[in-house]
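Got your viewer open and a selection box ready? Here is a tour of the fold, one stop after another.

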Amino acid sequence: MEHRPRIVIALGGNALQSKDSEPTAQAQLEVVRQTCEQIAEISCRGYEMALVHGNGPQVGRILLASETAKDVVPPMPFDVCGAMSQGYIGYHLQQALSYALNQRNRSIPVVSLTTQMVVERDDPAFQNPSKPIGPFCTEEEARKLEAAKGYTMKEDAGRGWRRVVPSPLPRRIVEIGAVRQLWDETIVITCGGGGIPVAENPDGSLEGVAAVIDKDFAAELLAEQVHADMLLILTEVEKVAIRFGKPDQENLSHMTLKDAARYVEEGHFAAGSMLPKVLAAMKFVRAFPNKRAIISSLDKAIPALAGETGTQVTFA
């Protein structure tokens, strides 16, 4: 039987929402429809895939809505807000991708799986919140939110100020067995928003914790667990760059593990944006030295898979 390459695709925020449109459900669905056209094209080229998406802006808005209405209904805890974001983003992706596949006469079921991700309670991330969520705001608005709500606010890669929350490392995908069972016949949308963060109690029960797991690390763990041939991380830029935004910016077509480690050490990648993508790509090729990870933009996904663009990350 012909081997069809397995890929795990990590979708960045720009695949779900446009900076130029209102943050409404309808505007998000429009962006998701365009995204799913690209994903359907990848499927038509014979790739088997699972999708992992972020949820930073969405979970931030769900939380804000919940906190704003606290005098009318009790606010939802953070992990529940994460689960809600998995549900509605998954629903949009499911609907749009099924339609795009049907338009191409490809009859493949698409399903979203509510996915829990085990994290360690003593992960140092809980002492150092770093994951941006919710809307951008000015520095003045950020200071007011810090004073009024006790949020931790940080400047995000020159784009404005955002609330940051702990981002512990994903340790175990609770529903991995179901993902494996669904894999051959289905496109699974899983580990949405990095997975719902849960901690394991001594009696084996799971308990939600207030955090957002980085979706690139979650996608990498999934790629390892399903023995994917490639990890494809889609973001806003066609290639990873060093000295980003400077006159001598250099776009990279290829990085070995050694190159990547050096660039990380030199501080080329911003913590809230490119750094986790590069670290996830490094982890994947370290686990599978004969495979590759790719970082590129959504509109270049197909040529990037063919090795024609994007940043190809390999062990050596």
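Start by selecting Val 8 and Leu 231: Val 8 stands opposite Leu 231 in strand S12. You're looking at a predicted model, so keep that in mind throughout.

**Stop one: the eight-stranded sheet**

Now widen the selection to residues 6–11 and 230–235. These are strands S1 and S12, which pair in the parallel sense over five bridges. Strands of a sheet pair through backbone hydrogen bonds, either parallel or antiparallel.

Add the rest of the sheet. Eight strands make up an open sheet in the order S3-S9-S2-S1-S12-S16-S17-S15, and the pairing is mixed. Which strands stand at the edges? They are S3 (110–112) and S15 (254–256), each with a single partner strand, so one side of each has no neighbour in the sheet. From one strand to the next, the twist averages 20°.

**Stop two: helices lying across that sheet**

Select residues 78–103, helix H3. H3 lies across S1, S2 (48–53), S3 and S9 (187–189), and runs at about 175° to S3.

Then jump to residues 257–265, helix H7, which lies across S15 and S17 (311–314). H7 runs at about 90° to S15.

**Stop three: H1 against H3**

Keep H3 on screen and add helix H1, residues 25–44. Two packed helices are described by the angle between their axes and the distance between the axes. Here the axes come within 8 Å and cross at roughly 50°, so H1 and H3 are oblique to each other. The crossing is right-handed.

Show side chains at the contact. On the H1 side, pick out residues including Leu 29, Val 32, Cys 36 and Ile 39; on the H3 side, the residues they meet include Tyr 88, Ile 89, Leu 93 and Leu 97. What kinds of residue make up this contact? They divide into 13 nonpolar, four polar and two charged.

**Stop four: H7 against H8**

Go back to H7 and add helix H8, residues 274–287. This pair packs at an angle of about 150°, with the axes 10 Å apart. H7 and H8 are therefore roughly antiparallel to each other, and H7 passes H8 in a left-handed crossing.

From H7, select Leu 257, Ala 260, Ala 261 and Val 264; they meet Leu 275, Val 278, Leu 279, Met 282, Val 285 and Arg 286 in H8. Colour that contact by residue type and you get nine nonpolar, no polar and one charged.

**Stop five: the three-stranded sheet**

Next, bring up an open sheet of three strands, ordered S5-S7-S6, with antiparallel pairing. S5 (131–137) and S6 (152–155) stand at the edges with a single partner strand each, so one side of each is left without a neighbour in the sheet. The twist averages 40° from one strand to the next.

Zoom in on S6 and S7 (residues 161–165), which run antiparallel and are joined by four bridges. Click Thr 152 and look for its bridge partner in S7: that is Val 164. Add residues 56–68 as well, and helix H2 appears lying across S5 and S7, at about 70° to S5.

While you're here, select Pro 132 in S5. Is Pro 132 buried or exposed? Its relative accessibility is 9%, and anything under 20% is called buried, so Pro 132 counts as buried. Among the residues Pro 132 touches are Gly 56, Asp 156, Arg 162, Val 164 and Gly 272.

**Last stop: S10 and its two partners**

Select residues 196–200, strand S10. S10 is mostly covered, with four of its five residues buried.

What pairs with S10 in the parallel sense? That partner is S4 (residues 116–118), paired over three bridges. Look for Val 118 standing opposite Val 198 in S10.

S10 is also joined by three bridges to S11 (residues 206–208), and those two run antiparallel. The S11 bridge partner of Ala 199 is Glu 207. Follow the chain through this hairpin, which has five residues between the strands, and stop at Gly 204, which takes a positive phi near 90°.

Finish with Asp 122, in the loop between S4 and S5. At 65% relative accessibility, Asp 122 counts as exposed. Draw a distance from its C-alpha to that of Ala 199: the two residues are 77 apart in sequence and 9.9 Å apart in space.

How values were computed: Residues numbered from 1 in each chain as written. Predicted model: local features only at pLDDT ≥ 70, side-chain atom pairs only at ≥ 80, totals over all residues. Heavy atoms only, no water. Axes fitted to C-alpha atoms, helices over the stretch in contact; angles between N-to-C directions. Parallel < 35°, antiparallel > 145°, perpendicular 65-115°, else oblique. Left-handed = near helix turned anticlockwise from the far one by under 90°. Contact = heavy atoms within 4.5 Å. Nonpolar A, V, L, I, M, F, W, Y, C, P; charged D, E, K, R; others polar. Buried < 20%, exposed > 50% of the residue type's maximum accessible area, 1.4 Å probe, protein only. Pairing = 2+ DSSP bridges. Lists of a residue's contacts leave out its neighbours within four places in sequence.
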